[in-house]
Amino acid sequence: MTAPHPLDRPVWSMLTGRQVHLAEGDRRAAVRIDRGYGPFGAAADRSAEAQTALAALVPDDGELWIVEGDPWPVPPRTREVKRAVLAQMVAEGAPPAARDSEPPMLSLSDADAVGMATLAEHAQPGPWGPTTHRYGPFFGIREGGRLLAMAGQRMLMPGMAEISGVATWADCRGRGYARALIGHVMRAMVARGEQPFLHSYADNAGAIALYESLGFRIRRQVHVLVIAR
């Protein structure tokens, strides 16, 4: 029997693999990511024991996001908040070369945390917590001290890294910032020997077209279930 691909269960793969240091819970049953980083969680399987353990990781005043290759059942003593379908995309071939016209891209750090969180709240690139910016390298474009756009990484798999946190202020869109930043992050990943991947809402045709122009291809659909107590 062929072993499942790590991307078929991305949250479980990240929290029992390269990012196990960020996991809370019991790897025999269910885990969730450190709450400062975000709301992602996963069960070992669909057994009653694992589902009960997953439910126990839902915060009293928040949500847990489950991302799986197939639709996931609602664990006991929790309620469904929403479901969504994502396009899971993997980069093929060499990353795009930098263009001479691209603006300078700066490495972001803890000193930029407030500006990054403000931009994430505005652009809604996905779940964002007080330490999400520490997932890994994030890069940004600044003008006059203002953070105009950013992009970085989130989930890590064997030989793979996820591009995430792509965000641009509404009044700065259409300038090619997202394309430039994604390309920059891709080149950094490839230089480390990692294949870039990402997730986009399946109905976001504009974003998917941008990612395809950068060399990404849809691998499969994955399903998001958001639950709360």
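## Cavity

A search of the whole structure, a predicted model, finds one cavity of 30 Å³ or more. A cavity here is a set of points on a 1 Å grid over the protein atoms alone where a 1.4 Å probe fits but cannot get out. The largest cavity has a volume of about 60 Å³. Volume is the space filled by probe spheres set on the points, with grid points joined across faces, edges and corners.

Its lining residues (an atom within 4 Å of a point) include Pro125, Trp128, Tyr135, Phe138 and Arg154. Strand 8 (146-157) and strand 9 (160-168) each give two or more residues to this lining. By class, the lining has five nonpolar, five polar and one charged. Gly counts as polar, Tyr and Pro as nonpolar, and Arg as charged.

## Three-stranded sheet

Strands 1-2-3, in that order, form an open sheet with antiparallel pairing. Strands are DSSP runs (E, at least two residues), numbered from the N terminus; two pair if DSSP finds at least two bridges between them. Strand 1 (23-26) and strand 3 (41-43) are at the edges, each with a single partner strand, so one side of each lacks a neighbour in the sheet. The twist averages 15 degrees from one strand to the next.

Strand 2 (residues 30-33) pairs with strand 3 over three bridges. Arg32 has Gly41 of strand 3 as its bridge partner.

## Helix on the sheet

Helix 2 (residues 48-56; a DSSP run of H or I, at least four residues) packs on the sheet and touches strand 2 and strand 3. Contact means heavy atoms within 4.5 Å. The helix direction makes about 160 degrees with that of strand 3. Axes are lines fitted to C-alpha atoms, for helices over the stretch in contact, and angles run from 0 to 180 degrees between N-to-C directions.

## Basis

Residues are numbered from 1 along each chain as its sequence is written, and side-chain values use heavy atoms, without hydrogens and water. Local features need pLDDT of at least 70, side-chain atom pairs count only at pLDDT 80 or more, and totals for chains, interfaces and linings use all residues.

Notes:
On a 1 Å grid over the protein atoms alone, a cavity is a set of points where a 1.4 Å probe fits but cannot get out, and a pocket is an open set with protein on both sides within 12 Å along at least five of seven lines; lining residues have an atom within 4 Å of a point.
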